[in-house]
There are 4 protein chains.
Amino acid sequence: MTVPSADTLLMDAAEVDAFIAAAFPEVPDDRRSRIASARPGHVRMTMMPDASHLRPGGIVSGPTQMALADHVAYALVLAHIGPVAMAVTSALTVHFLRACPPMLLTADARLLRLGKRLIVSDVQIWTDGPDRPVAQASVTYIVP
Amino acid sequence: MTVPSADTLLMDAAEVDAFIAAAFPEVPDDRRSRIASARPGHVRMTMMPDASHLRPGGIVSGPTQMALADHVAYALVLAHIGPVAMAVTSALTVHFLRACPPMLLTADARLLRLGKRLIVSDVQIWTDGPDRPVAQASVTYIVP
Amino acid sequence: MTVPSADTLLMDAAEVDAFIAAAFPEVPDDRRSRIASARPGHVRMTMMPDASHLRPGGIVSGPTQMALADHVAYALVLAHIGPVAMAVTSALTVHFLRACPPMLLTADARLLRLGKRLIVSDVQIWTDGPDRPVAQASVTYIVP
Amino acid sequence: MTVPSADTLLMDAAEVDAFIAAAFPEVPDDRRSRIASARPGHVRMTMMPDASHLRPGGIVSGPTQMALADHVAYALVLAHIGPVAMAVTSALTVHFLRACPPMLLTADARLLRLGKRLIVSDVQIWTDGPDRPVAQASVTYIVP
């Protein structure tokens, strides 16, 4: 049996995408966020917002960004612990840093701690470039 | 002009509901969360989850609960500062405490701080009773 | 063996105080925070700040309040799981709500979740009265 | 008058150190944390823990790390807004990632948002190297 490690992926980007698609069959294919890349300790996901994701003023809503932060952290967890385990979010903290324009969102998740039970990741969401994040989140998953 | 105060509502429950409905016209009427009650320092909102709100295992997803926490905090802010001001979420921290069954969700928001610029609220979401919350959140709004 | 439960204390206030005093022998007796009361699901601790706890302006510093929030949460954990287990803080979120005057601080910790591994509590710190908290915190302990 | 910007420091490391020393005269000189470097958007602080900072097991306590996170964020704020303004912490979230050995602590603060009123920073504390943080924190300061 492989012991999860921050230095090794147990699933690659395509495998995680397929696992999530099977787990959430009701999400239409054209509305899924996609894993753009996965490497040990890091997963990048992208998402194109549509009208349902906007709030007054035409900016991307907070709940949309929180859902994306949760999803990319889930993908990061799966990539490192594999498809067997059932993981659930136990806590999430998000800071909204600037108004988020309705453009392609990129979410970068970085592994901060891969414990046997608790997995903590740092997420940055950006549109213009990674040095100007629109949101920063800390997401904790618990592996039961 | 009325100065916002934790002791006075500037909008009642129906006014806040109508304001939110006008601000988010694309949300279908039968999928809105509703304000069940509003009094100084407190707003209660309820929401009936549907299939789109569930995650594998048939429990209510984390993003659904985060969106509800954000909404009830927004309603609490509006009730206390009135319909004029534009308020945006600046930070949210949520703890998921137990699996959330697909039943009517009740979200209780309580005002912790009503500053001129920062409004902090505590939110508890529950299904079985207020003493067994499924989630607890702290939500900060900023009034520009 | 007793299974920890939110409905039962495995240590009373005096036992928790004695356990903490033995675990932190270097803290002088007159500078300890004290457990004022303990009942299932709740622990109250008090602390009198001295000059070393103040920041410019003569108000109680943030780190002082964070340490108190951590301590009362630790006492809550010990009271419910007993003296055997080794518990460490895994996360803490605090909101400072108003300036904290240099008076007796009361910290009320309430159990939100008592899991086998994760214990989440809500803490409110106040001086004037429990309905005007100076700080609110969420504290997560992990039991290894 | 200079408008604060993430691209410019209004105080250098020595000026911030001197400002903090004058503001907190009761902290003995040999127990201060020191600014190791300051550049636009970043401040690094170091601190050598002593016996009073340890918890059972000989590891650096959570409150010690929280205080350090708050201090380095304060230094980051001062470096960017200058010595005039009065800034206070409004919120702090910390995740403890691994046991912190009693060695020299380095705290790296990075500016996430420099608003007119809210300043959000990300802090990583480490001993062995920046890629193995012992704690990650988000710290929000408010400028009154």
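Colleague: Before we look at any pair, what counts as a salt bridge here?

Modeller: A salt bridge is a side-chain nitrogen of Lys or Arg within 4 Å of a carboxyl oxygen of Asp or Glu. Please keep in mind that this is a predicted model.

Colleague: Understood. How far apart are N and O in the salt bridge of A:Asp122 and A:Arg110?

Modeller: The N to O distance between the side chains of A:Asp122 and A:Arg110 is 3.9 Å. This pair connects distant parts of the chain, with A:Asp122 in strand 7 (residues 118-126) and A:Arg110 in strand 6 (residues 105-114) of chain A, twelve residues apart.

Colleague: Is A:Asp122 buried or exposed?

Modeller: A:Asp122 is buried, because its relative accessible area is 2% and buried means under 20%. Its partner A:Arg110 is partly exposed, at 26%.

Colleague: And in chain B, which residue forms a salt bridge with B:Asp122?

Modeller: The partner of B:Asp122 is B:Arg110, and their closest N and O atoms are 3.9 Å apart. B:Asp122 belongs to strand 7 (residues 118-126) of chain B and B:Arg110 to strand 6, so the salt bridge ties together parts that are twelve residues apart in sequence. B:Asp122 counts as buried at 3% relative accessibility, whereas B:Arg110 counts as partly exposed at 27%.

Colleague: How many salt bridges does the structure hold over all chains?

Modeller: There are eight over all chains. One more that I can describe joins the side chains of C:Arg44 and C:Asp108, at 2.6 Å from N to O. C:Arg44 sits in strand 2 (residues 42-47) of chain C and C:Asp108 in strand 6 (residues 105-114) of chain C, so this pair links parts 64 residues apart in sequence. C:Arg44 is partly exposed, with 30% relative accessibility.

Colleague: Let us change topic to the contact of chain D and chain A. How many residues does it take from each?

Modeller: The contact takes 15 residues from chain D and 15 residues from chain A. Together the two chains bury about 1,200 Å², of which 49% is on carbon and sulfur atoms. On the side of chain D, the residues D:His95, D:Leu97 and D:Leu112 supply 40% of the area buried against chain A, more than any other three residues.

Colleague: Which elements of chain D give two or more residues to that side?

Modeller: They are strand 5 (88-96), strand 6 (105-114), strand 7 (118-126) and strand 8 (135-142) of chain D. The residues on this side divide into five nonpolar, six polar and four charged.

Colleague: How many salt bridges and polar contacts are there between chain D and chain A?

Modeller: The rule finds zero salt bridges across that interface. Two residue pairs are in polar contact, both at pLDDT 80 or more.

Colleague: What rotation superposes chain D on chain C?

Modeller: A rotation of 180° does so, with 0.0 Å of shift along its axis and an RMSD of 0.0 Å. The two copies are therefore related as by a two-fold rotation axis. In chain D, the C-alpha nearest the axis belongs to D:Thr93, at 2.1 Å.

Colleague: Through which surface do those copies meet?

Modeller: They meet through the same surface, because 100% of the interface residues of chain D are also interface residues in chain C.

Colleague: One last item. Where does B:Leu104 lie?

Modeller: B:Leu104 is in the loop between strand 5 (88-96) and strand 6 (105-114) of chain B, and is partly exposed at 39% relative accessible area. Not counting residues up to four places away in sequence, B:Leu104 touches several residues, including B:Met47, B:Pro49 and B:Trp126. B:Leu104 and B:Met47 are 57 residues apart in sequence, but 5.8 Å apart in space from C-alpha to C-alpha.

Definitions and conventions:
Residues numbered from 1 in each chain as written. Chains lettered and ligands numbered in written order. Predicted model: local features only at pLDDT ≥ 70, side-chain atom pairs only at ≥ 80, totals over all residues. Heavy atoms only, no water. Contact = heavy atoms within 4.5 Å. Buried area = accessible area lost by both parts, 1.4 Å probe. Polar contact = N/O pair within 3.5 Å; in protein donor to acceptor, adjacent residues only side chain to side chain. Helix = DSSP H or I, 4+ residues; strand = E, 2+ residues; numbered from the N terminus. Nonpolar A, V, L, I, M, F, W, Y, C, P; charged D, E, K, R; others polar. Least-squares fit on C-alpha atoms with pLDDT ≥ 70 in both. Buried < 20%, exposed > 50% of the residue type's maximum accessible area, 1.4 Å probe, protein only.
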